[in-house]
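Visitor: I should like to take a close look at a single part of this protein. Please set it in the context of the whole chain as well.

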Amino acid sequence: MLKLSCNGLDRAHSLAQCGFAGRPACVVPRRRISGVSGFWSPGGRAIRVSAAVVSAKDGAVATRVEAESGTLADRLRVGSLTEDGLSYKEKFIVRSYEVGINKTATVETIANLLQEVGCNHAQSVGYSTDGFATTPTMRKLRLIWVTARMHIEIYKYPAWSDVVEIETWCQGEGRVGTRRDFILKDYASDAVIGRATSKWVMMNQDTRRLQKVSDDVKEEYLVFCPREPRLLVKPLTRYQQFQRQIAINLKKIPKLEDPAQYSRTGLVPRRADLDMNQHVNNVTYIGWVLESMPQEIIDSHELQSITLDYRRECGQHDIVDSLTSVEEIQGGAEAVSELKSTNGSAMAREDKHEHQQFLHLLRLSTEGLEINRGRTEWRKKAPR
């Protein structure tokens, strides 16, 4: 984490005054270098020194100074590996073009930031970015990572010009994939405003078939993963709630059959929707899912969580249908009463219209083949 030594400024203002877009512009007096942290690839190749800790005479940490890195992007990016080297944090300013009708960041913006910080994490430990964190063995065998499942939960949406800090880390997920988790914080208040988890599987870039994660690949990336499940050492009330919500949302999503209550047909990918792996970017699917949401829900509610199962690739020339239907919340009023409002306080028992849950299906218009299944939860907008 980048600690700034400017006095008399709050954390967000410090970022602007001390050179948020690059290294701190504050002058750091010469001090004893108490420690330097570096990281090595499994093959023994030095990647780069990530940071040096500069200590004052009394031994207290005065600041962290980023070491010179290989590219201009590395020097300007406000992100770095954490102290143990097993996770990565980066700060982002919410831009005006990233907010929607609610004057807050859209869920697509959030998803794009998650993807960005994940790629930057992979790059920071020496992985390639030509196929989203491919290891040397993966590149040799023409293998890439693809998203199998994504769950995003937002407690409070950041607004235009807010600074968001995202931390991410990876963990093994059986023999067929890996898991990447995220925590989103409001940098000014240090409050957790969202969490996300995703599962990634390996696919052959030429045959487009899934493939088990070999021991060679595991050896290359597990060295940068926490040995124990992250955050279970110090359980948080909000985290425990998030884990319970994952258990609910990550259960098997039933296929939505015709006739759906709401639909939007004839959706066509744009060239800009294709990613570097030559298929439709996973964030595009989120927008397609929301296209078939009823307008009255969009007007009165905000998205609380979204879970997507990715089942089939979509190409540039495919035509897509988006289907949506209401799903009854399991547990009825008891389940609703346990949900939290945007500010995290416990809600009184509300009627069923306070929270709504929907099932979603994306399919190819011509063949009817399933592309994506989803589930969304919506909470009533807070009065302005």
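Visitor: Is the crossing of α3 and α7 left-handed or right-handed?

Guide: The crossing of α3 and α7 is right-handed; by definition, the near helix is then turned clockwise from the far one by less than a right angle, whereas an anticlockwise turn would make a crossing left-handed. This is a predicted model, in which local features need pLDDT of at least 70 and side-chain atom pairs count only at pLDDT 80 or more, while totals for chains, interfaces and linings use all residues. Residues are numbered from 1 along each chain as its sequence is written, and side-chain values use heavy atoms, with hydrogens and water left out.

Helix α3 spans residues 107-124 and helix α7 residues 282-291; they pack at an angle of about 165°, with their axes 9 Å apart. Helices here are DSSP runs of H or I with at least four residues, and strands are runs of E with at least two, numbered from the N terminus. The axes are lines fitted to C-alpha atoms, for helices over the stretch in contact, and angles run from 0 to 180 degrees between N-to-C directions. The two helices are therefore roughly antiparallel to each other, a term for angles over 145 degrees.

On the α3 side, the contact (heavy atoms within 4.5 Å) is made by Val-107, Glu-108, Ala-111, Asn-112 and Gln-115. Helix α7 contributes Asn-282, Val-283, Ile-286, Gly-287 and Leu-290. By class, this contact has five nonpolar, four polar and one charged residues; Ala, Val, Leu, Ile, Met, Phe, Trp, Tyr, Cys and Pro count as nonpolar, Asp, Glu, Lys and Arg as charged, and the others, Gly among them, as polar.

Tyr-285, within the α7 range of residues 282-291, is one of the residues touched by Ile-371, not counting residues up to four places away in sequence. Others include Val-320, Leu-362 and Leu-364. Ile-371 lies in strand β15 (residues 370-380) and is buried, with a relative accessible area of 0%; buried means under 20% relative accessible area, with a 1.4 Å probe and protein chains only. The C-alpha atoms of Ile-371 and Arg-311 are separated by 5.3 Å, although these residues are 60 residues apart along the chain.

As for the whole, the protein has nine helices and 15 strands. Buried residues make up 48% of its 384 residues. Of the contacts with a separation of 6 or more, 68% are accounted for by residues 24 or more positions apart.

Notes: Angles under 35 degrees count as roughly parallel, over 145 as roughly antiparallel, 65 to 115 as roughly perpendicular and the rest as oblique. Buried means under 20% relative accessible area, exposed over 50%, partly exposed in between (1.4 Å probe, protein chains only).
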